[in-house]
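Reader: Could you take me closely through one part of this model, starting from a single residue and its surroundings and then moving outward to the surface and the largest pocket?

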Amino acid sequence: MLIKSNPAEEQKVIEELVASDESLKQQHQLFLAEMKFKQELIEKRKARALTQKDISAISGLSQQAISRLEKGKGGTIETIIRYLSAMGCSLTLKET
């Protein structure tokens with residue numbers, strides 16, 4: 001039996017769980033930051049009309065490594081810096 005997803009209800013449940021558990025709250029914040037970063041990588045790449053294959057050729061990273069990074073499935077700091085450099089970007093730190 002399939003159950004139809006209810007994003008508003010799901011968000012409410014997540015907020016309640018996160019509010020009641022500090023460890024879970026920290027994990028959730030890290031997850032959201034990672035997803036935001038991943039989305040920014042993809043948006044910047046596409047804004048520059050570059051494909052994953054293009055980034056691979058410029059950076060020397062495999063196309064599979066590019067894909068994994070964009071999917072949020074790993075990536076060392078070296079991989080991230082090489083990906084960013086291929087787009088003419090750099091990694092900087094800022095206070096939140």
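Author: Arg-45 has its place in helix H2, the element that spans residues 22-47, in what is a predicted model. Its relative accessibility is 8%, and because buried means under 20% relative accessible area, Arg-45 counts as buried. Once its neighbours within four places in sequence are left aside, the residues in contact with Arg-45 are Leu-50, Thr-51, Gln-52, Ile-55, Glu-70, Tyr-83 and Met-87.

Helix H2 also takes part in the largest pocket, to whose lining it gives six residues, the largest share. The space in this pocket comes to about 560 Å³, and the elements that contribute two or more residues to its lining are H2 and H5. The lining consists of 16 residues, and those that lie nearest the centre of the pocket are Phe-37, Glu-40, Leu-91, Thr-92 and Lys-94.

Two of these names, Phe-37 and Leu-91, return on the surface, where together with Ile-77 and Ile-81 they make a nonpolar patch of about 340 Å². Ile-77, one of the members of that patch, lies in helix H5, which covers residues 77-86. With a relative accessible area of 54%, Ile-77 is exposed, because exposed means over 50%, whereas Arg-45, at 8%, is buried. Helix H5, in which Ile-77 lies, is thus linked to the pocket as well, since H5 and H2 each give two or more residues to its lining.

Methods:
Residues are numbered from 1 along each chain as its sequence is written. This is a predicted model: local features need pLDDT of at least 70, side-chain atom pairs count only at pLDDT 80 or more; totals for chains, interfaces and linings use all residues. Side-chain values use heavy atoms; hydrogens and water are left out. Helices (H or I, at least four residues) and strands (E, at least two) are DSSP runs, numbered from the N terminus. Buried means under 20% relative accessible area, exposed over 50%, partly exposed in between (1.4 Å probe, protein chains only). Contact means heavy atoms within 4.5 Å. Patches are made of residues with over 30% relative accessible area and no salt bridge: like charges are joined within 9 Å, nonpolar side chains (Val, Leu, Ile, Met, Phe, Trp, Tyr) within 5 Å. Accessible areas come from the Shrake-Rupley method with a 1.4 Å probe; for residues, only the protein chains shown count as cover. A salt bridge is a side-chain nitrogen of Lys or Arg within 4 Å of a carboxyl oxygen of Asp or Glu. On a 1 Å grid over the protein atoms alone, a cavity is a set of points where a 1.4 Å probe fits but cannot get out, and a pocket is an open set with protein on both sides within 12 Å along at least five of seven lines; lining residues have an atom within 4 Å of a point. Grid points are joined across faces, edges and corners, and a volume is the space filled by probe spheres set on the points.
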